[in-house]
Amino acid sequence: MSKNIDKAVSLIHLSKKWMSFVVLVLMTIIVAIAIVELGIILFLDIFDPSDDVIFLEIDELFRIFGFFFIILIGFELIETVEMYFKDNVIHAEVVLLVAVIAVSRKVILLDLEKYEPLAIIGLGAIIVALGCCYYLIKMSFRSKSV
């Protein structure tokens, strides 16, 4: 009976490894497509003949910077899945880093007139909480290595 359970558990671990690999490949493809799309958008915005301005306008810059942050989030998610694929452990530091980048993207692209003051205070509380968590995790790793 114990031998059958061990076989089933090892089969489940093997299938999890393969599923993680498939997710890693798919996420890499999605990020690569996003990079190509960013290049196309940037090219079209810079060389737009209907636009009188040589440089990018503010709304175009915000849209492009938002796209950069989305790609950075994709890189961090790929790293998270890669670490899970190698170590079979989800690293809280990387997950928190993805959350910090996502919230930073939101703050940078935030239009203050569209939100209630309480929502902005809530976003500030999220930023402080994520920063504290990241700091505590970094300090715990530092104390383990000393």
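1. Let's start with what counts here: a salt bridge is a side-chain nitrogen of Lys or Arg within 4 Å of a carboxyl oxygen of Asp or Glu. Keep in mind that this is a predicted model. By that rule the count is one salt bridge. Lys 138 pairs with Glu 93, and their closest N and O atoms sit 2.8 Å apart.

2. What does that pair tie together? Lys 138 belongs to helix H4 (residues 117-145) and Glu 93 to helix H3 (residues 92-108), so the link joins parts that are 45 residues apart in sequence. As for the general idea, side chains of opposite charge can pair when their charged atoms come close. The two partners also have their own surroundings: Glu 93 is buried, at 19% relative accessible area, while Lys 138 is partly exposed, at 33%.

3. On to the inside of the model. The largest nonpolar core has 12 residues, among them Leu 24, Met 27, Val 31, Leu 56, Ile 64, Ile 78 and Val 81. Helix H1 (2-46) and helix H2 (58-87) each give at least two residues to this core. H1 makes the largest contribution, with six residues.

4. If you want one residue to click on in that core, try Phe 67, which is a member along with Ala 34, Leu 38 and Ile 41. Leaving aside residues up to four places away in sequence, Phe 67 touches Ala 34, Glu 37, Leu 38 and Ile 41. There is also a second, separate core of five residues, including Leu 96, Val 103, Leu 130 and Ile 137.

5. Now the outside. A nonpolar surface patch of about 860 Å² is built from Leu 11, Leu 14, Trp 18, Phe 21, Val 22, Val 25, Leu 26, Ile 29 and Ile 33. Take Leu 11 as one of these: is it buried or exposed? At 57% relative accessibility, Leu 11 is exposed, and its place is in helix H1.

6. Last, the cysteines. How many disulfides are there? The count is zero. The sulfur of Cys 132 has its closest cysteine sulfur in Cys 133, 7.1 Å away, which is too far for a bond; the cut-off for a disulfide is 2.5 Å between the sulfur atoms. Cys 133 is likewise in no disulfide. Both side chains can be placed on the exposure scale too: Cys 132 is partly exposed, with 42% relative accessible area, and Cys 133 is partly exposed at 39%.

Technical notes
Residues are numbered from 1 along each chain as its sequence is written. This is a predicted model: local features need pLDDT of at least 70, side-chain atom pairs count only at pLDDT 80 or more; totals for chains, interfaces and linings use all residues. Side-chain values use heavy atoms; hydrogens and water are left out. Helices (H or I, at least four residues) and strands (E, at least two) are DSSP runs, numbered from the N terminus. Buried means under 20% relative accessible area, exposed over 50%, partly exposed in between (1.4 Å probe, protein chains only). A nonpolar core is a set of buried Ala, Val, Leu, Ile, Met, Phe, Trp, Tyr and Cys residues joined through side-chain atoms within 4.5 Å. Contact means heavy atoms within 4.5 Å. Patches are made of residues with over 30% relative accessible area and no salt bridge: like charges are joined within 9 Å, nonpolar side chains (Val, Leu, Ile, Met, Phe, Trp, Tyr) within 5 Å. Accessible areas come from the Shrake-Rupley method with a 1.4 Å probe; for residues, only the protein chains shown count as cover.
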